[in-house]
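Trainee: I have the file open. Can we go through it piece by piece, with the reasoning behind each answer?

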Amino acid sequence: MNHPQESAAPALRRLLDLLASGAATEDFADVLADARRRGAPAAVLAEIDDATWQALRVHRTLRQHRRREAELTALFDTAGDLAASRDLDTVLQAIVRRARMLLGTDTAYLTLPDEAAGDTYMRVTDGSVSVLFQTLRLSLGHGLGGLVAQTARPYATPDYRTDERFHHTGTIDAGVLDEGLVAIIGVPLLLGGQVIGVLFAADRSPRAFSPDEVALLCSLAAHAAIALDTAKSLADTRAALAELNAANELVRAHSAAVQRAEQAHDRLTDLVLRGAEVPDVAAAVAALLGGEIAVLDAEGEPLAGRSAPAAELAEAVAASRAEGRSVRHREQWVCAVLAGHDALGTMVLRGRPDLDDADRRLFERASVVTALLLLLRRSVAETENRIRGDLLTDLLTAPERDPAGLTARGRRLGVDLARPHLVLVAEPADGKTDERGRLAGAARRYLFGSRGVSAEHAETVVLLTPVESGSGGSGGSGGAVGAGDPEETARQAAERLARLAGFPVTVGAGRPAAGPSALAASYGEGLRCLRALRVLGRAGEGASARALGFLGVLLGDGHDVDGFVGATLGPLLAYDARRGTELVRTLRAYFDCGGSLTRAKDELHVHVNTVVQRLDRVEALLGRDWNQPERSLELQLALRLQLLAGG
């Protein structure tokens, strides 16, 4: 039934209510349908239809505004995340999650390039359930993501499985299938026109993505690119700060090292200027380095600190000389003490196996200071020795001219001629006079640091060394080992002079003497001993007149008969005195009878077996060589001298 007075106003109010409440699109069509059922006039229906169409337009606009508002809110939230967070993983996870939420997809994920491998890998996923998909890697140009990365343009497909625009691979298709994805959209992460990643959204059912959705995903991708760039900038900044801090630490360490080196240099220089000795420098260096320092001379003899076997250090010393630096040897450091190519000694550092560069340079600088100190000492010693050498030359040339003047002159030079000295006479073993200069230099080094003096004299090199207290006097041979024992001193001098000179050296020693005349006589004895060594074929050895047996008696100025007899027949004399036997008498009879046992037993009025037994005892006391020609000659001479002396 028609009602002419009916208007469209109620329907319009209902449309407004639907707009206000955000009703679904289908609800708007119900308003026109209800009016038709009520039999509204055609004019009213036309008005309602037009109003419904306008309401749907408004509804669609409001929905777009709300969606845009949601998108803008999401973008603002993402920007806030970028500003508030420095954790790249957190920001990227938030972007991927919002992409999934805004587009209403089942999953969203983001891939980044791996420059080392030359492909891309899954960086972040949201909504993924497949491990195979989460670990998927895509080569450039493969799959939808590879195409996006290659072209720097967004791509979308409603059904990835049937889309032939992409280069399908078994690996990628297996991952997509395992995840169950169908519709996929991917947009590039652009930074300065370069693709640095790809952002994806995907559904497990067919779907066509609208341009607005593509634009939204591109906006989120732009934020992701900013996040990546910010993270890279922060990483670069942190790296730069770390390098700066490291550089500052290096500068501070270098400054401290320089300051320490300056202090060490000042301290060592002060020691040298104050006339310090090698042990003082060694102690200062040990305190600076916190270790133990030893200084050895060129022969390996200790000048300071605890000595070490020279043979153990030979290889390390050679390496240090070759490199011109200190070298590590086991748990210690070794540095050659050099003056040009001249080796003055070795410095050894113990207790600091791990030596840094600064301390190593300090150790090497200490070796230079030590070399300077040794050179100064050598120069002073050589000057003093030259002056003292003139004294020694005058002493040996004309001792009787002015004994008192020579003694006073020696005292002024630090040489007390009134105290006992040993005189050593040395020459090259091969007799070459052109090597005498090297031998003279070796003699100066041999006496370095002692109160001895040396000089070249009459084709030889003469060394005058003071006798140690208690080691003998001017009237005796000196029995103590060392500077008072002529035999031992001569032997040691021959060995050391040979090492220093670089060739064999023969040394003859006179007896200890005091006073110019006695010292000159001792020199003559040492010279005759030197010639005897040469005649006996013992060149390159050191000996005294006493050590040469009966030749020493003949050569020696003192003709120590009692000493020779005691040294030769001593064991027999002692045995006879202790046991009441007649071994000396039996030996004399044996030699007098020309070595005949029969004649000797008649001379002694004993049985021949008794003579044999006594001679066996002689052999036990004197050694098995007692009857050899040289030894028997000494024994016969000693027996004759004893007899002449009334023994």
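Trainee: What phi does Ala152 take just after α6?

Mentor: This is a predicted model. Ala152 comes just after α6. The phi of Ala152 is positive, at about 60 degrees.

Trainee: How many of the nine residues of α6 are buried?

Mentor: Helix α6 covers residues 143–151. Its buried residues are Gly143, Leu144, Gly145, Gly146, Leu147, Val148 and Ala149. The helix is therefore largely enclosed by the rest of the structure. The count of buried residues, out of nine, is seven.

Trainee: What covers the buried residues of α6?

Mentor: The cover includes both strands and a helix. The helix is α7. The strands include β3 (137–139), β4, β5 (183–191) and β6 (194–203).

Trainee: Is Thr162 buried or exposed?

Mentor: Thr162 sits in the loop between β4 (155–157) and α7 (170–179). Its relative accessibility is 55%. The cut-off for exposed is over 50%. Thr162 therefore counts as exposed.

Trainee: What separates the C-alpha atoms of Thr162 and Val182?

Mentor: Along the chain, the two residues are 20 residues apart. In space, their C-alpha atoms are separated by 9.2 Å.

Trainee: Now α12. Which residues of α12 are buried, and how do they fall around the axis?

Mentor: Helix α12 spans residues 403–412, and its buried residues are Leu406, Thr407 and Gly410. Viewed down the axis of α12, they fall within an arc of 100 degrees, so they line one face of the helix. An α-helix has 3.6 residues a turn, so positions three or four places apart point the same way. The buried set of α12 is Leu406, Thr407 and Gly410.

Trainee: Which residues are exposed on the other side of α12, and which residue follows the helix?

Mentor: The exposed residues on that other side are Ala404, Arg411 and Arg412. After α12 comes a glycine with a positive phi, near 85 degrees. That residue is Gly414.

Trainee: Which residue in the loop between β9 and β10 has a positive phi?

Mentor: The loop runs between β9 (327–329) and β10 (332–339). The residue is other than glycine, and its phi is near 60 degrees. At 60% relative accessibility it counts as exposed. It is Arg330.

Trainee: And where does Glu459 lie?

Mentor: Glu459 is not a glycine, yet its phi is positive, about 70 degrees. Its relative accessibility is 51%, so it counts as exposed. Glu459 lies in the loop between β13 (453–457) and β14 (460–466).

Trainee: On to helix packing. What is the relation between α18 and α19, and what is the handedness of their crossing?

Mentor: Helix α18 (residues 583–592) packs on α19 (residues 597–604) at an angle of about 130 degrees, with the axes 8 Å apart. The two helices are therefore oblique to each other. Residues of α18 including Ala589 and Asp592 meet residues of α19 including Ala600 and Leu604. The crossing is right-handed.

Trainee: How does α18 lie relative to α20?

Mentor: The angle between α18 and α20 (residues 608–622) is about 105 degrees, and their axes are 10 Å apart. The range for roughly perpendicular is 65 to 115. So α18 is roughly perpendicular to α20.

Trainee: Which residues of α18 meet α20?

Mentor: On the α20 side, the partners are Val611, Arg614, Leu615, Arg617, Val618 and Leu621. On the α18 side, they are Leu583, Thr586, Leu587 and Tyr590.

Trainee: Which residues is Thr52 in contact with, leaving aside neighbours within four places in sequence?

Mentor: Thr52 belongs to helix α3 (residues 42–84). At 6% relative accessibility, Thr52 counts as buried. Its contacts beyond those neighbours are Leu15, Phe28 and Leu32.

Trainee: How far apart in space are Leu62 and Leu19?

Mentor: Leu62 is also found in α3. It is partly exposed, with a relative accessible area of 32%. Leu62 and Leu19 are 43 residues apart in sequence. C-alpha to C-alpha, they are 8.7 Å apart.

Trainee: Last one, for the whole chain. What share of the 647 residues counts as buried?

Mentor: The protein has 21 helices and 16 strands. It exposes about 32,600 Å², with carbon and sulfur atoms supplying 53% of that. Among contacts between residues at least 6 apart in sequence, 60% join residues at least 24 apart. The buried share of the 647 residues is 44%.

Conventions. Residues numbered from 1 in each chain as written. Predicted model: local features only at pLDDT ≥ 70, side-chain atom pairs only at ≥ 80, totals over all residues. Heavy atoms only, no water. Buried < 20%, exposed > 50% of the residue type's maximum accessible area, 1.4 Å probe, protein only. Helix = DSSP H or I, 4+ residues; strand = E, 2+ residues; numbered from the N terminus. Arc of directions from axis to C-beta. Contact = heavy atoms within 4.5 Å. Areas by Shrake-Rupley, 256 points an atom, 1.4 Å probe, with all protein chains shown as cover. Axes fitted to C-alpha atoms, helices over the stretch in contact; angles between N-to-C directions. Parallel < 35°, antiparallel > 145°, perpendicular 65-115°, else oblique. Left-handed = near helix turned anticlockwise from the far one by under 90°.
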